[in-house]
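Dear colleague,

I am handing over the structure we spoke about, and below it you will find my notes on what turned up when I went through it. Please read them with the coordinates open beside you.

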Amino acid sequence: MDFHPTEEQAAATGLAARIFSDLATHERLAATGTGSDAELWKALTAAGLTAAVEEIGLLGLVLLLEEQGRTTAQVPYAATCVYGILPVAAHGSPEQRARLLPALGSGEAVATGAFPARGRITAEHGRLTGTVPAVPWLRDATHVVVPDADRALWLVRTDAPGAHTSPVETTAPWSAGRLSLEGADAERIGSAGAYGHTLAAARTAFAGLQAGVCAGSLARAVEYTSTREQFGRPLSTNQGVMLRAADAYMDTEAIRVTTYEAAWRIDQGLPAHEHALTAAWWASEAGKRVVHAGQHLHGGTGADLDHPVHRHFLWGRQLDAYLGCGSELLAELGASIAEGEQA
C-alpha cells in the first residue's frame, strides 16, 4: 500500500485547502444558515475540483474531503462526487458518462444519494415508488441515485414527474430533504454489483469527511487551551487536558489511516467491503468521541451554540449515524467476516 499522494492529488488538495479556508469562514457559515454556500460551490467547480475526481480517484477525493471537513464547508461536494461522478464513471453506460459527467463536473448538475438502501423504494418497469425520509443535500440536487428494494441503482431527476422533495432539517446543515416518488421515471445505473461498490465508496468518502471534521475540532481545541489561562497558566499544561487531546488525536489518526486503506483498495480494484466497514466504524465511534472532546475542552465556551466548534460537533454527530451507526456497522462487519470464514 502506498498512501503518498500523487502529484495531481497533492495539487488538488492544496488548491482545495486554500479555497475552503478562504471562503468557508465562520462568518460566512453563520450567514449561510442551514443551506449551501452557492459562491463556494461555484469556486470549487470553476477550479476543476469536482471534475478532477475522475482522475485523482477515491483516495484523492478523501484528501479533498478532509479539507472540507476541517472547515465544515456547506457545499454538496461529497454527495456529488460519491453519488454522481464516481458511480456514473464506474458503472454508467458510455451514453450516460458522455451526458452526465460533464454536467456534474462543471457543477451544472448536482447529485446526491438516497443511501443506504432500507427497502423503502420499489421499481416497476423503470418507475420508482416510495419515500426516503431524509436525503442529504437533496435541496441542491438535480439528480438522485436511488437503490430499490432489490439494491439495483436508479438515477432520478428531482424535477421528473412523480418525484417530490420537501425540506428537512437534520443535525448538520446539509440542505437535506424528504424524497417522495410516485411512479417517477428513472434510468438504471450499472448491474447488480453497483450498489455495493457505491455504498463502500460512500462510506469511505464520508469517513474521510469525518477525519477532517475531527481534525478541525481538535485544532480549535488545541488553539483554545493553549491561549486560555487558568490559575496563571495555559489550560493545555494540565495533564487531564493533554491526555484528552492526545486520545482525540489518536482517534482522528485511526479514522484517517483506515479510510486511506479502504480508498486505496477501491481505487486498485481490490476487495474492500470489510475495509470500508472498518473505516466507517472508526468514523462513527471514534468521530463521536473526538467531537465531544473538542467541545468539552472548550469548557463553558463549548456550550455556546454560535461558537465554531459547535458546528464540528453537529457534523460529527450526523456523520456518526449517516450510512450506519457504529453498532450496526460492527454487526455487518462481523457477519461479513463469519461468512468469509465459512466459505
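The secondary structure of this protein, which is a predicted model, comes to 11 helices and 10 strands. Along the principal axes, the C-alpha atoms fill a box of roughly 70 × 50 × 40 Å. The radius of gyration is 20 Å, which agrees with the value near 20 Å that a compact globule of 343 residues would have. Of those 343 residues, 54% count as buried, and among the contacts with a separation of 6 or more, 75% are between residues 24 or more positions apart.

The interior comes next. The largest nonpolar core has 67 residues, of which Leu40, Leu61, Tyr77, Tyr83 and Phe206 touch the most other members. Helix 7 (residues 194–227) supplies the largest share of this core, with 10 residues. Leaving aside residues up to four places away in sequence, Phe206 touches Ala78, Val82, Tyr83, Trp137, Leu319, Tyr322 and Leu323. There is also a second, separate core of 17 residues, and Leu138, Val144, Ala152 and Ala163 are included in it. As general background, nonpolar side chains tend to be buried together in soluble globular proteins.

Turning to the sheet, four strands form an open arrangement in the order 1-4-5-8, with mixed pairing. Strand 1 and strand 8 (187–189) are the edge strands, each of them pairing on one side only, and the twist from one strand to the next averages 30°. Strand 5 (residues 153–157) and strand 8 run antiparallel and are joined by three bridges, and Trp154 stands opposite Arg188 in strand 8. Helix 6 (residues 94–106) lies across strand 1, strand 4 (143–147), strand 5 and strand 8, and it runs at about 85° to strand 8.

The charged pairs may interest you if you intend to look at side chains in detail, since the structure holds 16 salt bridges. Arg28 takes part in a salt bridge with Asp37, where the closest N and O atoms are 2.7 Å apart, and the side chain of Arg28 also meets that of Glu39 in a salt bridge at 3.3 Å, N to O. Because Glu39 lies in helix 3 (residues 38–46) and Arg28 in helix 2 (residues 26–32), this pair ties together parts that are 11 residues apart in sequence. As for their surroundings, Arg28 counts as partly exposed at 24% relative accessibility, Asp37 counts as buried at 9%, and Glu39 counts as partly exposed at 47%.

Another salt bridge is formed by Arg118 and Glu328, with the closest N and O atoms 3.0 Å apart. This pair links distant parts of the chain, 210 residues apart, with Arg118 in the loop between strand 1 (111–113) and strand 2 (122–124) and Glu328 in helix 11 (residues 326–342). Arg118 is partly exposed, with a relative accessible area of 43%, and Glu328 likewise counts as partly exposed, at 34% relative accessibility. Finally, Glu66, Glu67, Arg70, Glu253 and Arg256 are joined into one network by salt bridges that share partners.

With best regards

Key: Residues are numbered from 1 along each chain as its sequence is written. This is a predicted model: local features need pLDDT of at least 70, side-chain atom pairs count only at pLDDT 80 or more; totals for chains, interfaces and linings use all residues. Side-chain values use heavy atoms; hydrogens and water are left out. A nonpolar core is a set of buried Ala, Val, Leu, Ile, Met, Phe, Trp, Tyr and Cys residues joined through side-chain atoms within 4.5 Å. Buried means under 20% relative accessible area, exposed over 50%, partly exposed in between (1.4 Å probe, protein chains only). Helices (H or I, at least four residues) and strands (E, at least two) are DSSP runs, numbered from the N terminus. Contact means heavy atoms within 4.5 Å. A salt bridge is a side-chain nitrogen of Lys or Arg within 4 Å of a carboxyl oxygen of Asp or Glu. Two strands pair if DSSP finds at least two bridges between them. Axes are lines fitted to C-alpha atoms, for helices over the stretch in contact, and angles run from 0 to 180 degrees between N-to-C directions. The radius of gyration is taken over C-alpha atoms; the globule rule is 2.2 Å times the number of residues to the power 0.38.
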